[in-house]
Amino acid sequence: MSSSTANFAAHETKWGSSNPRLRTIRLNVDLVKKPAECLDYVFMHELLHFLVPDHSALFVGAMDEMMPNWRVIRQTLNDAPLSYGELYRCGPSLIEIAKDRRLRR
Ligand SMILES: [Zn+2]
């Protein structure tokens with residue numbers, strides 16, 4: 001018997017991860033603050049790892065076919081600043097640094 005689950009969980013730096021053996025996908029809760037296509041992209045990326053474990057040409061080709069604009073979406077995520085929630089898990093002192101930087105902008 002096999003089952004697949006997708007959970008929303010707190011991640012330090014990654015937007016998502018998958019465990020093909022356990023058939024589970026974990027998604028960063030902060031994805032809900034991003035455009036819906038970002039969630040689609042991360043979910044698709046992690047789901048594809050059930051079939052292709054690495055980021056080989058096969059993986060990239062499949063992503064290109066399923067979601068031709070995935071590179072643009074990935075760039076959007078890479079450009080996104082850390083949220084307070086992510087920083088809080090790293091340590092309260094980092095929140096003060098982030099607030100200080102925002103005040104100076
Ligand atoms: Zn990957």
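This report describes the predicted model of a protein, from its overall layout to its strands, helices and core.

## Overall layout

The protein holds five helices and three strands, and, read from the N terminus, these elements follow the order β-β-β-α-α-α-α-α. Of its 105 residues, 13% count as buried. Where contacts between residues at least 6 apart in sequence are considered, 38% of them join residues at least 24 apart.

## Strands 2 and 3

Strand 2, which covers residues 16-19, runs antiparallel to strand 3, and four bridges join the two. Within this pairing, glycine 16 has leucine 27 of strand 3 as its bridge partner, while serine 17 stands opposite arginine 26, also in strand 3. The two faces of strand 2 can be told apart by their cover: Gly16 and Ser18 make up the covered face, whereas Ser17 and Asn19 make up the uncovered one. Glycine 16, the partner of leucine 27, thus belongs to the covered face, and serine 17, which stands opposite arginine 26, belongs to the uncovered face.

Strand 2 and strand 3 form a hairpin with four residues between them. Arginine 23 is placed in the loop between these two strands, and its phi is near 55 degrees, a positive value in a residue other than glycine. With 13 other C-beta atoms within 10 Å, arginine 23 is partly exposed, because a residue counts as exposed at 12 or fewer such atoms and as buried at 20 or more.

Strand 3 spans residues 24-28, and four of its five residues are buried, so the strand is largely enclosed by the rest of the structure. Threonine 24, which lies in this strand, has 17 C-beta neighbours inside 10 Å and therefore counts as partly exposed. Threonine 24 and glutamate 46 are 22 residues apart in sequence, and their C-alpha atoms are 9.1 Å apart in space.

## Helix 1 against helix 3

Helix 1, made of residues 36-48, and helix 3, made of residues 70-79, have axes that come within 10 Å of each other and cross at roughly 110 degrees. The two helices are therefore roughly perpendicular to each other, because a crossing angle of 65 to 115 degrees is placed in that class. On the side of helix 1 the contact is made by Glu37, Cys38 and Tyr41, and on the side of helix 3 by Trp70, Ile73, Arg74, Thr76 and Leu77. By character, the residues of this contact divide into five nonpolar, one polar and two charged.

Some of these positions can be followed one at a time. Cysteine 38, once its neighbours within four places in sequence are left aside, is in contact with Leu31, Ile73, Thr76 and Leu77. Arginine 74 lies in helix 3 and, with 17 C-beta neighbours inside 10 Å, counts as partly exposed. The C-alpha atom of arginine 74 is separated by 8.5 Å from that of valine 42, although the two residues are 32 residues apart along the chain. Glutamine 75, also found in helix 3, has 10 other C-beta atoms within 10 Å and is therefore exposed. From C-alpha to C-alpha, glutamine 75 and cysteine 38 are 10.0 Å apart in space, with a separation of 37 residues in sequence.

## The nonpolar core

In soluble globular proteins, nonpolar side chains tend to be buried together. In this model, the largest nonpolar core has eight residues, namely Trp15, Ile25, Leu27, Leu31, Cys38, Tyr41, Val42 and Ile73. Strand 3 and helix 1 each supply at least two residues of this core, and helix 1 gives the most, with three residues.

Several members of the core also appear in the arrangements described above. Leu27 is a core residue and the bridge partner of glycine 16. Cys38, Tyr41 and Ile73 belong to the core and are among the residues that make the contact between helix 1 and helix 3. Leu31 and Ile73, both listed in the core, are among the residues in contact with cysteine 38.

Note on methods:
Residues are numbered from 1 along each chain as its sequence is written. This is a predicted model: local features need pLDDT of at least 70, side-chain atom pairs count only at pLDDT 80 or more; totals for chains, interfaces and linings use all residues. Axes are lines fitted to C-alpha atoms, for helices over the stretch in contact, and angles run from 0 to 180 degrees between N-to-C directions. Angles under 35 degrees count as roughly parallel, over 145 as roughly antiparallel, 65 to 115 as roughly perpendicular and the rest as oblique. Two residues are in contact if their C-beta atoms, placed from the backbone, lie within 7 Å. Ala, Val, Leu, Ile, Met, Phe, Trp, Tyr, Cys and Pro count as nonpolar, Asp, Glu, Lys and Arg as charged, and the others, Gly among them, as polar. A nonpolar core is a set of buried Ala, Val, Leu, Ile, Met, Phe, Trp, Tyr and Cys residues joined through C-beta atoms within 7 Å. Two strands pair if DSSP finds at least two bridges between them.
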